[in-house]
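I wanted a quick look at the empty space in this one, then at one helix pair. Notes follow, in the order I looked things up.

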Amino acid sequence: DRDRFSYAALNSHARLTRPRIKQNGGWIEVDWQTALEYVANGLKDIARDHGSESIGALATPNSTLEELYLLQKLVRGLGSHNVDHRLRRADFSADDERAGVPWLGQRIEEVQAADALLIIGSNIRKEQPLLAHRVRQAVKKRAQLNVLNPVDEDLLCKVANKAIVAPGAMVNTLAQIVKAAAEKKGAALGTGYADRLAAIQPSAVAQGIADSLCKGERISILLGNLAQHHPRAAALHSLAAELARVVGGKFGFMAEAANSVGAHVAGAVPKSGGLHAAQMIAQPRRAYLLLNVEAELDSHDPQAAVNAMMQADMVVAMSPFRHLAADYADVMLPVAPFTETSGSFVNMEGRVQSFSAAVKPLGDTRPAWKVLRVLGNMMELVGFEQNSSEDVRNEALPGGEAAVHAALSNSLKRPV
């Protein structure tokens, strides 16, 4: 399974074990009190002099629910709503149309029980190897697997139909499948789709995929990472949801990372006019808080991301490792990887999974949720009195897992 050997990095020479501050172009190691006071004072000064909206926070969805919750709470406590975890996203046009938190759209077991599947824009063997195994098991039981992808991947199982097209042709090809399925089912297309698809002429492969789905009884349509990061991701989402409605199937997103669903639940997305990740890069902020982020590797446009960081007055990198943030950060805080902290992930079917630290933190490493809580205290923000990760989790999920399930939805308020 993905990252099974990540434990090898725990004692890597690249581990960051003490807080560091950049002075006169060079790095010096300091104690935690000095580092956190430097960060707290710097953020307060920037908010006072340039406005709270000049501060932005970026995080990876491999961070825990507790870390992401306190990060967004800290930024919003300062008066900014510029916080996002979707660093690799190119298309944010569906943000205002989403009805809830995007998820798998079904239980994981239902993927294996499907008798007809369509996987859109995914190298599933690398993105979701355990889910890929369930897909193969479904195919062994005579499920028909269909693929729409820009790359012809070897899925190690029989594929009934596959449309391998250029990235720019994915939306049109999916539209062909939707129209062909509606015609085969004798179903009317939803409001907003009929006019848009009127001139579409389904190809033979689109007809084949539509026929396969229409014959299924338990149908699963899934969007992978390539689809979610596509420049027209919203259109793929919209069409896939309409296809699921037409054929009576279930539609969902294969999670990009361990806590993609949890990041939405934690509120690590912009609200109230806040900037999303791409906007925070295109419109550089005065200060950035980075949680487990390597801007040069984790961003949709790495060069633009690094350039934005270089222009900032303050960049605070919270990470277990020393990395290229040393070129653009002003402060590096050693926070614990998931193995050295307690916390929670929400998996792609909406299951809350909490865990305890497996090993002791290395050196002066501290759990990121504690670092964020102390920063909140130093800046005299309200609501940073938690004494444990459980306290944070209970605050983030006041209704428990039932509240998570109530928030899950892949629906759009209108076609995109």
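**Pockets, cavities and a helix pair**

I began with the second largest pocket, which holds about 520 Å³ of space. This is a predicted model, so I'm reading computed values throughout. I pulled up the lining next: 22 residues, with Asp 95, His 264, Val 269, Pro 270 and Lys 271 closest to the centre of the pocket. Helix 10 and helix 16 (400–407) are the elements that give two or more residues to that lining. I sorted the lining by class and got 9 nonpolar, 8 polar and 5 charged residues.

**Closed space**

How many cavities of 30 Å³ or more are there? I count 3 by this rule.

The largest cavity comes out at about 270 Å³. I find 25 residues lining the largest cavity, and Arg 89, Pro 102, Gln 228, Phe 253 and His 264 are the closest to its centre. Helix 8 (225–228), helix 9 and helix 10 (260–265) are the elements that put two or more residues into this lining. By class I have 13 nonpolar, 6 polar and 6 charged residues here. I noted His 264 twice: it is on the list of residues closest to the centre for the second largest pocket and on the one for the largest cavity.

The second largest cavity has a volume of about 50 Å³. I listed its lining as Ile 119, Ile 124, Arg 125, Ala 132, Val 135, Arg 136, Leu 145, Leu 155 and Cys 157. Which elements supply at least two residues each to that lining? They are helix 4 (124–127) and helix 5 (129–140), and helix 5 gives the most, with 3 residues. The class split is 7 nonpolar, no polar and 2 charged.

**Helix 6 against helix 9**

Last, I checked how these two helices pack. The axes of helix 6 (residues 170–185) and helix 9 (residues 233–247) come within 9 Å and cross at roughly 15 degrees. Angles under 35 degrees count as roughly parallel, so I logged helix 6 as roughly parallel to helix 9. The crossing of the pair is left-handed.

For the contact itself, I have Met 170, Val 171, Leu 174, Ala 175, Ile 177, Val 178, Ala 181, Ala 182 and Lys 185 on the helix 6 side. They meet Ala 235, Leu 236, Leu 239, Ala 240, Glu 242, Leu 243, Val 246 and Val 247 in helix 9. By class, I get 15 nonpolar, no polar and 2 charged residues in this contact.

Methods. Residues are numbered from 1 along each chain as its sequence is written. This is a predicted model: local features need pLDDT of at least 70, side-chain atom pairs count only at pLDDT 80 or more; totals for chains, interfaces and linings use all residues. Side-chain values use heavy atoms; hydrogens and water are left out. Axes are lines fitted to C-alpha atoms, for helices over the stretch in contact, and angles run from 0 to 180 degrees between N-to-C directions. Helices (H or I, at least four residues) and strands (E, at least two) are DSSP runs, numbered from the N terminus. Angles under 35 degrees count as roughly parallel, over 145 as roughly antiparallel, 65 to 115 as roughly perpendicular and the rest as oblique. A crossing is left-handed if the near helix is turned anticlockwise from the far one by less than a right angle, and right-handed if clockwise. Contact means heavy atoms within 4.5 Å. Ala, Val, Leu, Ile, Met, Phe, Trp, Tyr, Cys and Pro count as nonpolar, Asp, Glu, Lys and Arg as charged, and the others, Gly among them, as polar. On a 1 Å grid over the protein atoms alone, a cavity is a set of points where a 1.4 Å probe fits but cannot get out, and a pocket is an open set with protein on both sides within 12 Å along at least five of seven lines; lining residues have an atom within 4 Å of a point. Grid points are joined across faces, edges and corners, and a volume is the space filled by probe spheres set on the points.
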